[in-house]
Amino acid sequence: MKFSVENKIRSVFGLAMLILSIVGGFSFWSAIQLSKTVASTADSQRVAEKLKDLSLQIEAADNGIADYVITGEKQYLQPYLFVVENIPPQLEALYQKSNNHPSLQQLTTLETLINKQLAVNKEIIAVRELQGFVSAQKIMSLDGSQKQTSAIQKIIKEMQHRENQQLKQYLLAVGANSQTTKNVVLISSVLAIALIPSGIFIIDRDIAYMNRIKAALRESEERFRRAYNDAAIGMALVAPDGRWLSVNSALCDIVGYSEAELLNITFQAITHSEDLDTDLNYVQRLLSGEIRSYQMEKRYFHKQGYIVWVLLSVSLMRETPTQSPYLIAQIQDITKQKLAQEALHESERRFHAIFNQTFQFIGLLKPDGTLLEANETALNFAGIKSVDIVNRPFWEARWWTISAATQAQLQKAIASAAAGEFVRYEVDVLGAEDTITTLDLSLKPVFDETGNVVLIIPEGRDISRRKQAEEEMRKAKEAAELANQAKSMFLANMSHELRTPLNSILGFTQVMKRDRSLTPKHQEYLQIISRSGDHLLGLINDVLDLAKIESGYITHDHQRFNLHLLLQCVFQMLKPKAEAKNLQFNFYRDPHVPQYAIADEKKIRQVLINLLSNAIKFTENGSVVLRVQPSNKEPQTNQILWLSFEVEDTGVGIAATDIQTIFHPFFQTQSGKNITEGTGLGLSISNKLIQFMGGEITVKSNLGQGSKFTFDIPVGLAETDLVLSPNHYDQVTKLAPGQPSYRVLIVDDQAENRLLLVELLTDLGLEVREATNGQEALTMWKQWEPQLILMDIRMPVMDGYAATKQIRATPKGAETIIIALTAYSSTSDRTLAINAGCDDFVTKPFSAEVLCAKIADYLGLRYE
């Protein structure tokens, strides 16, 4: 069959169209695949960029936490707060980009680790705020936050490496596809020129695809360039021999060299010698294919000569199998973190030195009671090792195995501490070789910022010695109390035994004075007996008073009294002694001295009598003066007034060498030694009584010229109508006529004491009966019903306290007046008598006038 030229042309044209259709279809398929590859390239690039940003943010947050722990400044928490707020949306974006991607499983693991690390950081911040630097360091070490951070960075690096490898494959695929497209375009162009102009359409379409691909590649390259140059960490491309091929500005800032300077040297030139072999070994392993990447901490020498610590991450890249490989390096400046770590390690070393060497038992507990750590003091005491008890319940440790009750008590205390309560108690614990020690144990809760207890700090102080000292002190106190009781009993008995015979001597002297048939000579003898008895009683009182003061048995007896009357009585009592020596005895009272006061009347009287008696005794010629006036020692108030008492004489005076010692017990001046009268106790007793009343005494004296004693004391001001002036019965002889008969029961085991009272009271005209003990008194009281009982205290069979209580226990016993009349003279004896039911208290030797006055007051008697 022959073909015409037209048919041949048609055949060639048909063949050209067939070829052009096949080529056009392939170009279209290639363009679609290229578009997908470009899209995948962009996605992989964005994932890699987000992973890089995520790594930098987490690293910055951890560094900020470390800085905050060291400095305590909250500005360093900003990276951490940024991560807390922005990590969730960033992870969500990565999940979307990694859908059906090999990195999805690693991304899930990464999210779990990040959440754990954020929780650890939250706890560290709370402990730093509440417990300080050392405790926060301890928590960082216990929780292994550095290891957890390393695990996070490791996963991110692996994911970055995988994305970079994927990106490389995509880029190679784009390049191959582009080359194929170029070839196809070339063929299409030739065929189009040679065969038919209609192929121009297909070629134009392919060229449009190529232009879009080139624009995408240029955009991708620009993003990589900006990310590379503007990265916050150092980045570099390095040849296998160590030459810097490309460096960014961050790396230049880290090491202090310019870009040009770095490109002319190797990394070996600025690497610390101790780190170089490790770095080069890693590089060789990379080149041999043994590892895919490595990370290490190393030291560079800054251009200025100091050391810069960096975290180096390196991976190997090859453009094509035939091209030379190069290293991609990321360099992060961690100098600040390393210094912080060194400071942390030093702080931990010091903390452990203090923690382990302190004498207290110290530990750390979880809120559930699990022991995290115990110091060496506690471990050595129990003879155990840390591994034996750490991460186990605290109450199972040897210390608490002394008893089940001790363990239960500790469990309860830990539960209270876990609830936020500070717990402290004393407990016996078991040590090595079954030794027992008493601890002052405290459990202190540690709170986070939300108020939850995150830790418990147990602290035990060994108080065994203190407890032993307390026990010894208790025994010594008991012994001292027994000794004081014995001393008190001795003083009471001594007072009783001395006062009892004196009561008879002075009492019968008073009775005999009333006998008007006595001759003047016998009256003189009685005066001698009375003065001698009074002197002996004064000596006894001085000795007993000093003993009471030294033993601490002296007490306050503040009462309302007539101060003017007291001063006048003291003056009148001592006036005869002064007149007997032909001395001028004067008394001056300032008009502003109140008439009524609240103070210890008996102690004021005793001090004035002592001072005035001494002044009269040591003055042979001249005068003795008593002055009383308000004192300017302290500001006066409406309730308290300071009074100044002065006793001045023109006697022998006191030598300057004796001034400092005249208030010592039993001390007598040289002039005092020349006078045999006295014991040397008066001034000592007066000084202690004045101090006891809140005042002080001073003395001014010149030898041979006289002395002046001054003491100031505070007194309260009393209302006039609350003070009763005592009646005086100096010349009582008998009852006034026209009065009913009164019955008085005398109870005393001493016959002479009963006889004295019988003689005195029958002379007055009272009916009197006697009883020798409390039991007899009860029987006679029931039978005879006396209106008044004079009750002795110390008696056989039944004492006066018991008898009085039984009388008061009956309805009619309330009507009977009971006055304790005893040789016991202390304030405590008076209190016991009043508490037993006595209406009043009179000490032996008693004054007939005082006794008559009290009987008249209670029974309403009138005397002639």
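I take contact to mean heavy atoms within 4.5 Å. The model I consulted is a predicted one.

**Entry 1: the nonpolar cores**

I looked first for the largest nonpolar core and found that it has 44 residues. Phe709 and Phe711 are the residues with the most contacts inside that core. I then listed the partners of Phe709, setting aside its neighbours within four places in sequence. Phe709 is in contact with Leu611, Phe645, Glu646, Val647, Ile654, Ile662, Phe663, Leu683, Ile697, Thr698 and Val699. Another core, of 28 residues, lies apart from the largest one. I noted Leu365, Val423, Tyr425 and Val429 among the residues of this other core. As background, I recall that nonpolar side chains in soluble globular proteins tend to be buried together.

**Entry 2: aromatic pairs**

How many aromatic pairs does the structure hold? I recorded six. Phe645 and Phe711 form one that is stacked, with 4.8 Å centre to centre and 5 degrees between the planes. This pair links distant parts of the chain, 66 residues apart. I located Phe645 in strand β15 (residues 640–649) and Phe711 in strand β17 (residues 706–717). Both Phe645 and Phe711 are buried. I also noted a cluster in which ring pairs link Phe394, Trp399 and Trp400.

**Entry 3: helix α19**

I next examined helix α19, which spans residues 682–692. Why is helix α19 described as largely enclosed by the rest of the structure? Eight of its 11 residues are buried, so the description applies. I listed these buried residues as Gly682, Leu683, Ser684, Ile685, Ser686, Asn687, Leu689 and Ile690. Of these, Leu683 also appears among the contacts of Phe709. Gly694 follows α19 and has a positive phi, near 90 degrees.

**Entry 4: Lys338**

I found Lys338 in helix α10 (residues 335–357). Is Lys338 buried or exposed? Its relative accessible area is 13%, and the cut-off for buried is under 20%, so I entered Lys338 as buried. Not counting residues up to four places away in sequence, Lys338 touches Glu297 and Trp309.

**Entry 5: a surface patch**

Finally, I looked up nonpolar residues on the surface. Phe490, Met494 and Leu498 form a nonpolar patch there. Together they have about 250 Å² of accessible area. I placed Phe490 in helix α14 (residues 464–513).

Terms used: Residues numbered from 1 in each chain as written. Predicted model: local features only at pLDDT ≥ 70, side-chain atom pairs only at ≥ 80, totals over all residues. Heavy atoms only, no water. Core = buried A, V, L, I, M, F, W, Y, C linked by side-chain atoms within 4.5 Å. Buried < 20%, exposed > 50% of the residue type's maximum accessible area, 1.4 Å probe, protein only. Patch = residues over 30% accessible without salt bridge, like charges linked within 9 Å, V, L, I, M, F, W, Y side chains within 5 Å. Areas by Shrake-Rupley, 256 points an atom, 1.4 Å probe, with all protein chains shown as cover. Salt bridge = Lys/Arg side-chain N within 4 Å of Asp/Glu carboxyl O. Helix = DSSP H or I, 4+ residues; strand = E, 2+ residues; numbered from the N terminus. Phe/Tyr/Trp six-rings, centres within 6.5 Å; stacked < 30°, edge-to-face > 60°.
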